Amino acid sequence: MCLLCEAAITIAATVGSVIPGIAASETPSITERPPVVAAAATTVTPAVSMGKCARVGQTRTVERVRYVCSKSKRWKVVKTAETTTASVTLRPSIAYSPPTQPGSNIATCMIREQNANRAGMGLSTLPTGFPRNTIAKKEGVVKWALIPIDFPDLTGEPNFRSRVDNQMDLLSEWFAVASEGKFKVEWIVHPSWVRLPSQTADYQIGRSDNLNRVPNGLKLWRDAMTQSDKAFNFSGVQTVNFLLPNGQNFLQEGSQGFPWDEAVRNFVTEEGVVESFSIPGKFFDQPGRQYWSYWVHEFGHAMALPHIGSSREENPYMGLDIMSNQDGESRDLSGWLRFLAGWLPDERVHCQDFGVAKSSEITLIPLNESVSGIKMVVVPVSDTKAVVIESRRESKFSCSMPSKRNGVLVYVYDATLSHGEDFLKPIGPGGRVPESSYNCFAARFPNPIIYRGEKVVAEGVTIEVLESLNMDKIRISRE
Ligand SMILES: [Zn+2]
């Protein structure tokens, strides 16, 4: 979970500033085909009230239809060679073309994580680099439970589904998109509130922390599971998300548990162990925050995805990935983490070791689209660093920002940094002012997206955006 103090965050309705020039540089540059002109035949029967006319040759126009008084002194529609024109503008697009230089062996781009955390953990729980964590299940259909829990002194509202149905749909859709269809979440919703035995005061949790360090967190988890187990069939359920009554005030941030938490591992339901859980707190009831992105973020950790940067301090990547901030401007999963999760197939990753080639032109398919082609370029620059290039588009998983986030994102992966550190850093064009969102909580950062005609230099690699429409065409080069 990312929990920044609210002073650091501003809802942009009052603040948003537009970056000069960005709107202009987004204008499509490829000349569209001329508008298609279609002839439209018009057949109109004059209204009955227009049946007779007084003077032959007399004309009148009613509702854009021109009539003339005929020899028989009746109104007739004027037929002219003139036709109505309707223009259909075709959306400009570029065609996909394969990279102009062959890619290197994909293994060259599987940068090995090398830091004290990784060395200490062996098969790292939350790796930032390779080798992959292969323990957590990341493919196939998984069942997620949603169970509403209420209390003797706080009864749940009758129509709780209206609060969560859309959130559950968004979550399932997010995993389908990010995993390229490999990971499918099916929800099982318990239809009624499960009553816990104690008053809300006995479950009071302020700051979100590891389950094992929060006594009330343990009590809430155990009581929720004990009572739910009597009413709910947990068979095949991988994670359980508890829902609290609307307007609750005893759980401030959130409470969650992971496969490595002793209390989670040790709770065995009648159907077996449930590997993780989450409970969104009051923090997520604020306008501009949502449950789905919190659920994704926490479950992301349960499936071995690392947290990018600190969860309580700002970092430059925090608006760019759901694993940095569940409330960020873009709640996408970066190409690097998709690659690490095994969701981005090797054929979508172009590994460009510049041992031989000096320059290459590549067409990038935007990260969330399904058409075939390259989605990410990795340029290894040392044993512990790689430049990563991908194509982003605003989607239903993004916030509204003053400048459109449709273009190329370049960042550097640093394998000497671990989970909770800034192992991904964006390389933007510079000279841009910080912006915040119109419709959600998003920390203010300069827009790092690179538009057509712009270029950046990252670790000695120059990335230039040649075209940016339905896809992005880039040139990468190294001296
Ligand atoms: Zn986190």
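## Two helices that cross

Let's start with a pair of helices in this predicted model. Helix 3 covers residues 161-178 and helix 6 covers residues 291-302; their axes come within 8 Å and cross at roughly 45°. That angle makes helix 3 oblique to helix 6, and the crossing in which helix 3 passes helix 6 is right-handed.

Which residues make the contact? On the side of helix 3 they are Val164, Gln167, Leu170, Leu171 and Trp174, while helix 6 brings Tyr291, Trp292, Trp295 and Val296. Sorted by type, the residues of this contact come out as eight nonpolar, one polar and no charged.

## Just past helix 3

Follow the chain on from helix 3 and you get to a loop that leads to strand 7 (183-189), and Glu180 sits in that loop. What stands out about the backbone of Glu180? Its phi is near 55°, a positive value in a residue other than glycine. Most residues other than glycine have a negative phi.

## A cis bond before a proline

Another backbone detail turns up between helix 2 (116-121) and strand 6 (140-150), in the loop that holds Pro131. Here the peptide bond running from Phe130 to Pro131 is cis, and its omega is near 0°. For background, most peptide bonds are trans.

## The three-strand sheet

Now for the sheets. One of them is open and built from three strands, lined up in the order 2-3-4 with antiparallel pairing. At its edges are strand 2 (59-62) and strand 4 (75-77), and each of these pairs on one side only. On average, neighbouring strands here are turned by 35° against each other, if you ignore direction.

Look at strand 3, residues 65-69, and how it meets strand 4: the two run antiparallel and three bridges join them. One residue pair to look for is Val68 and its bridge partner in strand 4, Lys76.

## The four-strand sheet

Another open sheet has four strands, in the order 15-24-23-22, and again the pairing is antiparallel. Why does one side of strand 15 (359-364) and of strand 22 (455-458) lack a neighbour in the sheet? Both stand at the edges with a single partner strand each, so one side of each is left without a neighbour. From one strand to the next, the twist averages 25°.

Inside this sheet, strand 23 (residues 461-468) and strand 24 (residues 472-478) run antiparallel, and seven bridges join them. Val465 is a handy place to look, with Ile474 as its bridge partner in strand 24.

## How far to trust the picture

How confident is the prediction? The mean pLDDT of the protein is 85, and 86% of its residues reach 70 or more.

Two stretches need some care, though. Over residues 5-49 pLDDT stays under 50, and the model has 67 contacts beyond four places in sequence for them. Residues 81-85 also have pLDDT under 50 throughout, with five contacts beyond four places in sequence. Where pLDDT is low, the predicted coordinates should not be read in detail.

Key: Residues numbered from 1 in each chain as written. Predicted model: local features only at pLDDT ≥ 70, side-chain atom pairs only at ≥ 80, totals over all residues. pLDDT = per-residue confidence, 0-100. Contact = placed C-beta atoms within 7 Å. Pairing = 2+ DSSP bridges. Axes fitted to C-alpha atoms, helices over the stretch in contact; angles between N-to-C directions. Parallel < 35°, antiparallel > 145°, perpendicular 65-115°, else oblique. Left-handed = near helix turned anticlockwise from the far one by under 90°. Nonpolar A, V, L, I, M, F, W, Y, C, P; charged D, E, K, R; others polar.
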